[in-house]
Amino acid sequence: MAWDEWEQLKTQAAERNTTAVQLNRVPDEGPGAAPPGGDLRADQQDLAAVGDSAFRLFDQLGKYGRDAWSISQTAAKDLSTQGFALGGALDHVQERWEKQLKTLLDACAHISNHMDFTKNAHAGDEYYIYGVISSIATLDDGFTERTQR
């Protein structure tokens, strides 16, 4: 998104006097302020969807991003062999593409792996909390039986 477009969108939002999106600030407090929106929540489906999207992006970038890389590498060699200075420039662009592609692939893999880890960690937390709550209920039943005798 170009900077001018961003500025235009901010101006349009200000003209509408909307508070649906607030960037870099704490919501107003006091009389007339909007009520808080609640806690951040993410369920297993949300985490799985993010992880799945990151994995699919990783997969597609791996296939098609490397295709573009190999084509430009071949073109750079051919141009250089034929004596065109453009071959060296294209080789430089291809090297930058490769570095950026690797960075993006690493980020996608990290996101996908982290979502899987988070999903499993929260499932373990749920199991633990259920066990603790169940034992409290069992304890409460024991106290209730004593008081009824």
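The protein chain exposes about 12500 Å² of surface, of which carbon and sulfur atoms supply 58%; accessible areas were obtained by the Shrake-Rupley method with a 1.4 Å probe, and for residues only the protein chains shown count as cover. The model is predicted, so that local features require pLDDT of at least 70 and side-chain atom pairs count only at pLDDT 80 or more, whereas totals for chains, interfaces and linings use all residues. Residues are numbered from 1 along each chain as its sequence is written, and side-chain values use heavy atoms, with hydrogens and water left out.

The secondary structure comprises three helices and zero strands, arranged along the sequence as α-α-α. These elements are DSSP runs numbered from the N terminus, with helices (H or I) of at least four residues and strands (E) of at least two. Of the 149 residues in the protein chain, 10% are buried; the classes are buried (under 20% relative accessible area), exposed (over 50%) and partly exposed (in between), with a 1.4 Å probe and protein chains only. Among contacts (heavy atoms within 4.5 Å) between residues at least 6 apart in sequence, 70% join residues at least 24 apart.

Helix α1 covers residues 3-16 and contains L9, a partly exposed residue with a relative accessible area of 37%. Together with W3 and W6, L9 forms a nonpolar surface patch of about 330 Å² accessible area. Patches of this kind consist of residues with over 30% relative accessible area and no salt bridge, nonpolar side chains (Val, Leu, Ile, Met, Phe, Trp, Tyr) being joined within 5 Å; a salt bridge places a side-chain nitrogen of Lys or Arg within 4 Å of a carboxyl oxygen of Asp or Glu.

Helix α2 spans residues 44-81. Its end C-alpha atoms are 54 Å apart, in agreement with the 56 Å expected for 38 residues at 1.5 Å a residue; the expected span is 1.5 Å times one less than the number of residues. A kink of about 30° is centred on L61, the bend being the angle between axes fitted to the seven residues ending there and the seven starting there. L61 is also one of the buried residues of α2, which include G65, S72 and A76. After α2 comes G83, with a positive phi near 90°.

Helix α3 (residues 86-148) holds Q94, which is buried at 4% relative accessibility. Beyond its neighbours within four places in sequence, Q94 contacts W69, S72 and Q73. By contrast, I71 of α2 is exposed, with a relative accessible area of 59%. The C-alpha atoms of I71 and Q94 are separated by 9.3 Å, the two residues lying 23 residues apart along the chain.

Key:
Patch = residues over 30% accessible without salt bridge, like charges linked within 9 Å, V, L, I, M, F, W, Y side chains within 5 Å.
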